[in-house]
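Thanks for coming. I have one structure to go through today, so please have a look at it before I start.

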Amino acid sequence: MQLCVALDLPTQKENLALLEKIKTYDVWIKVGFRSYIRDGKEFIEAIKAINPEFKIFLDLKLYDIPNTMADAAESIMGLGVDMFNVHASAGKLAMKTVMQRLEKYENRPIVLAVTALTSFDEENFKAIYNQDIASKADQFAKDTYEAGMDGVVCSAFESASIKNITSDSFATLCPGIRPFGEDAGDQKRVADIAKAKEQQVDFIVVGRPIYQAKDPAQIVEKILKNL
Ligand code: C5P
């Protein structure tokens, strides 16, 4: 299991200051679309300048027609990131088209698809997909696997069952993690490290428990020791 630190602070300066504090650790860094839209490629370069070994997950959740998604995926190749994602609800054809477009690259990033956004409740989810969250999330995971992608973004509570219906090597990346039972904030269902291990989660995404801590380095170290 690997730790992915969410860079969700309001400014580039604050995000980079956080990275300075944790630069000696072997972690992934998640760049969301707020930061990327505002700070762009220079931000990716600034992260690598702090530690070239940082692995970067660009969390842009692409969703468009297949050709446009594949074009965007190809542009992402030029950024030097190590992982990015799309929405599975864009469809199997779109996901296949993305993977086919990246076939020619030897060192392509890991590509994941989001199953169901954790912000949905059943009622709102059903209004769009006309199905309950659990069964549709499984369906999205199967589509993602069959399209040749590397894994999914999902809830820690779904990780083991998704691996059951796909493959053990199909990666799961899970937000909503409170490593040692910290405050959930606005997350609805949170899992701790023990739960994530039990669910065979590959990547845990942790934001507030790290960047709101008095000593982010100490909490990162504690998490890494427990993985
Ligand atoms: O602060 P916290 O650990 O809750 O941050 C979780 C991170 O994961 C945030 O960047 C949030 O946007 C992201 N995320 C999420 N739920 C999803 C997808 C992404 O919490 N379903």
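I'll begin at the ligand. An oxygen atom of the ligand sits 2.8 Å from an N or O atom in the side chain of Gln187. Note that this is a predicted model, so every distance I quote is computed from predicted coordinates. Taken alone, the ligand exposes 470 Å², and the protein buries 84% of that.

Two further side chains come up at the ligand. For Asp8, a side-chain N or O atom is 2.6 Å from an oxygen atom of the ligand. For Arg208, a polar side-chain atom is 2.8 Å from a ligand oxygen atom. The residues surrounding the ligand also include Ala6, Lys30, Thr118, Pro175 and Arg178. From further along the chain, Val205, Val206, Gly207 and Pro209 are among them.

Next, the annotation. Which residues does UniProt list under "active site"? The answer is Asp59, Lys61 and Asp64, and the entry is unreviewed. From this set, Asp59 and Lys61 are part of the lining of the largest pocket. The same kind of record, again unreviewed, gives "domain: Orotidine 5'-phosphate decarboxylase" for residues 2-223. In the model, that span is 45% helix and 18% strand, and its end C-alpha atoms lie 10 Å apart.

Let me take the two pocket residues in turn. Asp59 belongs to strand S3, which covers residues 55-62. Is Asp59 buried or exposed? Its relative accessibility is 7%, under the 20% limit, so Asp59 counts as buried. Leaving out residues up to four places away in sequence, Asp59 touches Lys30, Val31, Gly32, Phe33 and Asn85. Lys30 was also on the list of residues around the ligand.

Lys61 is in strand S3 as well. Here the relative accessibility is 26%, which lies between 20% and 50%, so Lys61 counts as partly exposed. With the same exclusion of sequence neighbours, the residues that Lys61 touches are Asn85, Val86, His87, Val114 and Leu117. Asn85 therefore appears in the contacts of Asp59 and of Lys61, using heavy atoms within 4.5 Å. One backbone point on Lys61: its phi is positive, about 45°, although Lys61 is not a glycine.

A positive phi turns up at Asn130 too, at about 55°, and Asn130 is not a glycine either. Asn130 is in the loop between H5 and helix H6, the latter being residues 133-146. With a relative accessibility of 64%, Asn130 counts as exposed.

Since H5 has come up, here is a residue within that helix. Ala127 is in helix H5, residues 122-129. Its relative accessible area is 67%, over the 50% limit, so Ala127 is exposed. Ala127 and Ser89 are 38 residues apart in sequence, and their C-alpha atoms are 14 Å apart in space.

Now helix H7, residues 159-165, where Lys163 is found. Where does Lys163 fall, buried or exposed? At 4% relative accessibility, Lys163 counts as buried. A polar atom of the Lys163 side chain lies 3.1 Å from the backbone oxygen of Phe170. Setting aside neighbours within four places in sequence, Lys163 is in contact with Asp168, Phe170, Ala171, Thr172, Gln200 and Asp202.

Ser161 is also in helix H7. Ser161 has 33% relative accessibility and counts as partly exposed. The Ser161 side chain reaches the backbone oxygen of Glu158 at 3.3 Å. As for a longer separation, Ser161 and Pro109 are 52 residues apart along the chain, with 25 Å between their C-alpha atoms.

The last residue is Asp39, in helix H2, residues 33-50. Asp39 has a relative accessible area of 11% and is buried. What does the side chain of Asp39 make a polar contact with? It is the side chain of Arg38, at 2.9 Å.

To go back over the main items: the protein buries 84% of the area that the ligand exposes when taken alone. Of the residues that UniProt lists as "active site", Asp59 and Lys61 are in the lining of the largest pocket. Asp59 counts as buried, while Lys61 counts as partly exposed. That is what I have for today.

Methods:
Residues are numbered from 1 along each chain as its sequence is written. This is a predicted model: local features need pLDDT of at least 70, side-chain atom pairs count only at pLDDT 80 or more; totals for chains, interfaces and linings use all residues. Side-chain values use heavy atoms; hydrogens and water are left out. UniProt positions are given in the numbering used here, feature names are shortened, and annotations may be inferred rather than shown by experiment. On a 1 Å grid over the protein atoms alone, a cavity is a set of points where a 1.4 Å probe fits but cannot get out, and a pocket is an open set with protein on both sides within 12 Å along at least five of seven lines; lining residues have an atom within 4 Å of a point. Helices (H or I, at least four residues) and strands (E, at least two) are DSSP runs, numbered from the N terminus. Buried means under 20% relative accessible area, exposed over 50%, partly exposed in between (1.4 Å probe, protein chains only). A residue is near a molecule or strand if one of its heavy atoms lies within 4 Å of it. A polar contact is a pair of N or O atoms within 3.5 Å; within protein, one must be able to donate a hydrogen and the other to accept it, and residues adjacent in sequence count only if both atoms are side-chain atoms. Accessible areas come from the Shrake-Rupley method with a 1.4 Å probe; for residues, only the protein chains shown count as cover.
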